[in-house]
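The report below describes a single protein chain, moving from one helix outward to the cores, the sheet and two individual side chains.

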Amino acid sequence: MSLAVSPQVLAEAENGEVREQDFVETIRTSLPYAYDLIARLAAELRSDAAEFADNQTSPASEQERGQLLRALSSDAIRASLERHFDIALAFQNCHRVAAFRPEDRAGEAHTRFTSMRAQILNQSPEFHDC
């Protein structure tokens, strides 16, 4: 299961719309590694003039890797995190996720990061089973 949903949030969903802040809190508590990694990237992006901030360190465990994959493979989770942190996310492999400023989506650095060439150059044998 991707998320541990509280009875309160489940009741919200059953009765209509879920509040974004409640969904983000569900993500934070259910997928702490993914949430903290993305929070760190967002903070790095805000504190630096670089075009983007990215993670190039493999997670310490398969559980952490699974959290990251679940967070980035869900459109709802990914979009909610992007809105919450005011970033645009890009993802290349089992752990290389990058945060861009929203206005830079489809800009030169974002296009380069998300290109087929970058995807191919960012491969290595240890990623085959991730």
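## Helix α5 and its surroundings

In this predicted model, the buried residues of α5 are Ile77, Ser80, Leu81, Glu82 and Phe85. The cover over these buried residues of α5 includes α2, α3, α4 and β2. Just after α5, aspartate 86 adopts a positive phi of about 55 degrees.

## The chain as a whole

Seven helices and three strands make up the secondary structure of the chain, and from the N terminus on the elements follow one another as α-α-α-β-α-α-β-β-α-α. Of the 130 residues of the chain, 40% count as buried. Among the contacts in the chain with a separation of 6 or more, 59% come from residues 24 or more positions apart. The chain exposes about 7,600 Å², of which carbon and sulfur atoms supply 51%.

## Nonpolar cores

In soluble globular proteins, nonpolar side chains tend to be buried together. Here the largest nonpolar core has 24 residues, and those with the most contacts inside it are Ile27, Ile77, Leu81 and Ile87. At least two residues of this core come from each of α2 (20–30), α3 (32–47), α4, α5 (75–85) and β3, and α3 gives the most, with eight residues. Apart from this core lies another, of six residues, among them Ala98, Phe100, Ala109 and Phe113.

Which residues does isoleucine 27 touch, not counting residues up to four places away in sequence? They are Leu3, Pro32, Tyr35, Ile77, Ser80 and Leu81. Isoleucine 27 is itself one of the buried residues of α2, which are Asp22, Phe23, Val24, Thr26, Ile27 and Ser30. The buried residues of α2 pack against α1 (7–15), α3, α4 and α5.

## The sheet

The three strands form an open sheet in the order β1-β3-β2, with antiparallel pairing. Because β1 (52–54) and β2 (88–91) stand at the edges, each with a single partner strand, one side of each is left without a neighbour in the sheet. From one strand to the next, the twist averages 25 degrees. Helix α4 (residues 62–73) packs on the sheet, where it touches β2 and β3, and its direction makes about 120 degrees with that of β2.

The pairing of β1 with strand β3 (residues 97–100) is antiparallel and runs over three bridges, whereas β2 and β3, also antiparallel, are joined by four bridges. Within these pairings, aspartate 54 has alanine 98 in β3 as its bridge partner, and alanine 88 has phenylalanine 100 in β3 as its own. β2 and β3 form a hairpin, with five residues between them.

## Two polar side chains

Aspartate 22 and serine 73 offer two further views of the helices, beginning with aspartate 22 in helix α2 and continuing with serine 73 in helix α4.

Is aspartate 22 buried or exposed? Its relative accessibility is 11%, so aspartate 22 counts as buried, the cut-off being under 20%. When its neighbours within four places in sequence are left aside, aspartate 22 is in contact with Gln8, Val9 and Glu12. The side chain of aspartate 22 also makes a polar contact with the side chain of arginine 19, at 2.9 Å.

Serine 73, by contrast, has a relative accessibility of 59% and therefore counts as exposed, since the cut-off for that class is over 50%. The side chain of serine 73 reaches the backbone oxygen of leucine 69 at 2.8 Å, and a polar atom of the same side chain lies 3.4 Å from the backbone oxygen of arginine 70. An α-helix has 3.6 residues a turn, so residues three or four places apart point the same way. Serine 73 and phenylalanine 91 are 18 residues apart along the chain, and their C-alpha atoms are separated by 9.5 Å.

The polar contacts of these two side chains are gathered here.

| Side chain | Partner | Distance |
|---|---|---|
| Aspartate 22 | Side chain of arginine 19 | 2.9 Å |
| Serine 73 | Backbone oxygen of leucine 69 | 2.8 Å |
| Serine 73 | Backbone oxygen of arginine 70 | 3.4 Å |

Key: Residues numbered from 1 in each chain as written. Predicted model: local features only at pLDDT ≥ 70, side-chain atom pairs only at ≥ 80, totals over all residues. Heavy atoms only, no water. Pairing = 2+ DSSP bridges. Axes fitted to C-alpha atoms, helices over the stretch in contact; angles between N-to-C directions. Contact = heavy atoms within 4.5 Å. Buried < 20%, exposed > 50% of the residue type's maximum accessible area, 1.4 Å probe, protein only. Areas by Shrake-Rupley, 256 points an atom, 1.4 Å probe, with all protein chains shown as cover. Core = buried A, V, L, I, M, F, W, Y, C linked by side-chain atoms within 4.5 Å. Polar contact = N/O pair within 3.5 Å; in protein donor to acceptor, adjacent residues only side chain to side chain.
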